[in-house]
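Please consider the structure shown here. The report that follows treats its cross-links, one of its sheets and its charged side-chain pairs.

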Amino acid sequence: MGKLVALVLLGVGLSLVGEMFLAFRERVNASREVEPVEPENCHLIEELESGSEDIDILPSGLAFISSVCWSLLEVHSRPCLPGYHQWRLQNGKYCCLIFLLEASSQRGIRLYEGLKYPGMPNFAPDEPGKIFLMDLNEQNPRAQALEISGGFDKELFNPHGISIFIDKDNTVYLYVVNHPHMKSTVEIFKFEEQQRSLVYLKTIKHELLKSVNDIVVLGPEQFYATRDHYFTNSLLSFFEMILDLRWTYVLFYSPREVKVVAKGFCSANGITVSADQKYVYVADVAAKNIHIMEKHDNWDLTQLKVIQLGTLVDNLTVDPATGDILAGCHPNPMKLLNYNPEDPPGSEVLRIQNVLSEKPRVSTVYANNGSVLQGTSVASVYHGKILIGTVFHKTLYCEL
C-alpha cells in the first residue's frame with residue numbers, strides 16, 4: 001500500500017512539473033518567430049565575433065563593450081542517470097549534467113557556452129574576458145581590446161553588465177559586473193584615453209551582490225544593480241523560473257549604505273537611468289516587460305508603470321538625443337539555451353518612445369531570424385549610428 005501511495009504521489013508530482021514546464025515554454029515565447037526588420041547600411045564588426053554582452057557609449061562617441069570567450073561543446077550519449085546527459089568537455093573529461101531541453105541528448109549537437117555566470121553550467125576553459133573600445137566617430141570603426149593594468153587578475157575576468165561614470169573633473173570610470181569563481185563582484189577601472197587602456201582601482205563585494213546581471217552608476221561608488229536569480233545553483237534556478245517565483249530585486253550600493261530598493265521581479269536584468277537621472281528603467285527578462293521607477297533623494301525607487309513588450313528584454317540603453325529606451329531582446333530564448341546552428345536564436349531591438357506617457361510607442365529597430373545576428377542582448381545609439389551586441393555571437397554596426 002505504501003508503494004502504491006508513493007507511486008501516485010510521484011505521478012502527480014511529475015504531472016505538475018510537466019504542466020509548469022509547458023506554461024514556462026509559453027511564457028518565454030518557445031514557438032515565436034520574428035519578421036525581419038533590417039536597416040540597409042549595416043555590417044558586422046570583424047574583431048567582435050564571440051559576444052558583446054553589454055555596451056556603454058561616452059558622449060564623445062567612444063563605446064565600451066564587454067566580451068567573453070565562447071567555445072563549442074559536443075554532446076555525447078554515454079550512460080548517465082535519468083534526466084542527465086553526458087558531455088565531453090574541451091579538456092577531454094566527461095561529466096553528467098541536467099539539461100531539460102529537447103535536443104541536448106542528441107549526438108553531435110553543439111552548444112555555445114561562454115559567459116561563466118552563476119546559475120549556468122560552466123563548460124568553457126578558463127579563458128578571460130575582455131573590454132573592447134570602438135570610436136564611433138570613425139568612418140569604419142574597429143574594435144580594439146583594452147589593456148588592463150594596476151594588478152588586476154585578468155585570468156579571473158568574466159565581465160557582464162557595464163556602466164560608465166564621468167567625474168566632475170571629466171575623469172572616466174568604468175564599472176564592470178564580474179563573475180570570478182562563479183561569484184559576483186563589481187570592478188572599478190579608470191579609463192586612460194591617450195593610452196587606450198584601463199587602470200584597475202578597486203573590487204566591490206557585498207553579501208547582497210549575488211547573481212548580479214547589470215549595473216548603472218550615478219555617483220562615485222554609488223550604483224543600482226540587478227539580481228537576476230535568487231538561487232545560484234543551476235537546478236534550483238531552473239525551478240525558480242519554472243515556478244515563476246519573482247524573488248529577484250534591484251539594490252542600491254554606496255560605501256555608507258547597501259539596500260534593496262525594488263523587488264518582486266521574475267528576473268531583474270538590464271538597468272539604466274533617464275537622461276535627467278530622475279527615473280530608473282529595469283528590464284524583467286522573464287516577465288517580458290520594463291519597469292519605470294521614480295528615483296527619490298534617499299535612493300529608494302517607486303514603481304510608476306510597467307511597459308509590456310511581448311518579448312524577453314535583456315539590456316537597456318537610453319538614446320541621449322531623444323530619451324527613448326533601446327532594448328536588446330530575445331524573441332525565442334529556448335533557441336538560445338538549446339542551440340542548434342540549423343535553427344539559431346533570433347535577434348530583436350525595440351525602441352520605446354514617450355516612456356512616461358499613458359501610451360508609449362514601441363517600434364522595431366532591428367529583427368533577424370539568426371541568419372545574421374543571434375541572441376541580441378543590447379543596442380546603443382550615437383548620432384544616428386547603432387551598435388547591436390549579442391550574448392555569444394557577433395556584433396552589428398548600422399547607420400540609421
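The sections below take up the disulfide, an open sheet and the salt bridges in turn.

## Basis of the description

The model is predicted; local features need pLDDT of at least 70, side-chain atom pairs count only at pLDDT 80 or more, and totals for chains, interfaces and linings use all residues. Residues are numbered from 1 along each chain as its sequence is written, and side-chain values use heavy atoms, with hydrogens and water left out.

## The disulfide

A search of the whole structure yields one disulfide, the term denoting a pair of cysteine sulfur atoms within 2.5 Å. The bond joins Cys42 and Cys398, whose sulfur atoms lie 2.0 Å apart. The torsion about the S-S bond of Cys42 and Cys398 is about 115°, so the disulfide is right-handed. Cys42 belongs to strand β1 (residues 41-44) and Cys398 to strand β29 (residues 396-399), so the pair ties together parts that are 356 residues apart in sequence. Helices (H or I, at least four residues) and strands (E, at least two) are DSSP runs, numbered from the N terminus.

Accessibility is described in three classes: buried is under 20% relative accessible area, exposed is over 50%, and partly exposed is in between (1.4 Å probe, protein chains only). Cys42 is partly exposed at 26% relative accessible area, whereas Cys398 is buried at 1%. Two further cysteines can be placed on this scale: Cys266 is buried at 11% relative accessibility, and Cys329 is buried at 0%.

## An open antiparallel sheet

Strands of a sheet pair through backbone hydrogen bonds, either parallel or antiparallel. Here, four strands form an open sheet in the order β23-β24-β25-β26, with antiparallel pairing; two strands pair if DSSP finds at least two bridges between them. The edge strands, β23 (312-318) and β26 (361-368), each pair on one side only. From one strand to the next, the twist averages 25°; axes are lines fitted to C-alpha atoms, for helices over the stretch in contact, and angles run from 0 to 180 degrees between N-to-C directions.

The antiparallel pairing of β23 with strand β24 (residues 325-330) extends over five bridges. Within this pairing, Thr317 has Leu326 of β24 as its bridge partner.

## Salt bridges

The structure holds 10 salt bridges, each being a side-chain nitrogen of Lys or Arg within 4 Å of a carboxyl oxygen of Asp or Glu. One of them connects Arg351 and Asp319, with an N to O distance of 3.1 Å. This pair links distant parts of the chain, 32 residues apart: Arg351 is in strand β25 (residues 347-353), and Asp319 is in the loop between β23 and β24. Arg351 is buried, with a relative accessible area of 13%, and Asp319 is buried at 8% relative accessibility. Elsewhere, salt bridges that share partners join Glu33, Lys335 and Asp343 into one network.

In that network, the closest N and O atoms of Glu33 and Lys335 are 2.8 Å apart. Glu33 lies in the loop between α1 (2-27) and β1, and Lys335 in helix α3 (residues 333-337), so the pair ties together parts that are 302 residues apart in sequence. Glu33 is exposed at 52% relative accessible area, whereas Lys335 is buried at 11%. Another salt bridge joins Lys190 and Glu192, the closest N and O atoms being 3.8 Å apart. Lys190 is partly exposed at 29% relative accessible area, and Glu192 is partly exposed at 24%.
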